[in-house]
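Reader: Could you take me on a close look at the nonpolar core of this protein? I'd like to see what it is built from and how it sits in the chain as a whole.

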Amino acid sequence: EDTSLYCLKIDNGFRKLMLDIANSQAFDYFTLAVIIASSFALAMDKPHNSATQMEGVDKDPMDDPLVIFNLVVTVYFFIEFLIKVFAYGFCFTPRGYIMDPWNTMDFSVLLISLFDTVMTITGSGTNEWTRILRLLRIMRPLRMIKHAEGMKVIVNALIKCGPMVVA
């Protein structure tokens, strides 16, 4: 039987609402707009100038508008994740969130963003691992591919042809 999170059946009112949101074109377009805005913010971000990156500087990272924007974007991506998990389930369901390779990439980006946000807010954002993870935020624009079917087909074809080109 198709249940989400082992408890929400397909006829559950809350799950129906989550399915309506997850399948709505407005939700998809808004998510795409957030991804584009996040990409522009990422282009403007200069980690070496950021208050969270300068060692010995007692500056609140929450004074940086890009840090706040990144926090808002991360919260939105987390809400998007929850909506889709309530709608489709996480795994072990026919349309489980993690069963789609594009959602797996989105989930990886979300985990990186959550970790980066926690490290930034707690002021622990100056070690090498967090800098490397912060670099991985460049994967955010790749989320646009999932929302553009033509690009998705091209990228999937390139991935399938990759081994033949290398060989």
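**A close look at the core**

Author: Happy to! Let's begin with one side chain and work outwards. Leaving aside residues up to four places away in sequence, F81 touches F90, Y97, F107 and L110. This is a predicted model, so please read each contact in that light. F81 also belongs to the largest nonpolar core, a group of 17 residues, where F77, F81 and A87 have the most contacts inside the core. Four elements each give two or more residues to this core: α1 (13-22), α2 (25-44), α3 (65-88) and α4 (101-121). Of these, α3 gives the most, with eight residues. As a general rule, nonpolar side chains tend to be buried together in soluble globular proteins.

Now for the chain around that core. The protein chain has seven helices and two strands, and from the N terminus on the order is β-β-α-α-α-α-α-α-α. Of its 167 residues, 37% count as buried. Among contacts with a separation of 6 or more, 64% are between residues 24 or more positions apart. On the outside, the chain exposes about 10,100 Å², with carbon and sulfur atoms supplying 70% of that area.

A word on cysteines, too, since you may be handling this at the bench. The structure holds zero disulfides. C91 counts as partly exposed because its relative accessibility is 22%, and C161 is also partly exposed, with a relative accessible area of 35%. A residue has to be under 20% to count as buried, and a nonpolar core takes in buried residues, so neither C91 nor C161 can belong to one.

Key. Residues are numbered from 1 along each chain as its sequence is written. This is a predicted model: local features need pLDDT of at least 70, side-chain atom pairs count only at pLDDT 80 or more; totals for chains, interfaces and linings use all residues. Side-chain values use heavy atoms; hydrogens and water are left out. A disulfide is a pair of cysteine sulfur atoms within 2.5 Å. Buried means under 20% relative accessible area, exposed over 50%, partly exposed in between (1.4 Å probe, protein chains only). A nonpolar core is a set of buried Ala, Val, Leu, Ile, Met, Phe, Trp, Tyr and Cys residues joined through side-chain atoms within 4.5 Å. Contact means heavy atoms within 4.5 Å. Accessible areas come from the Shrake-Rupley method with a 1.4 Å probe; for residues, only the protein chains shown count as cover.
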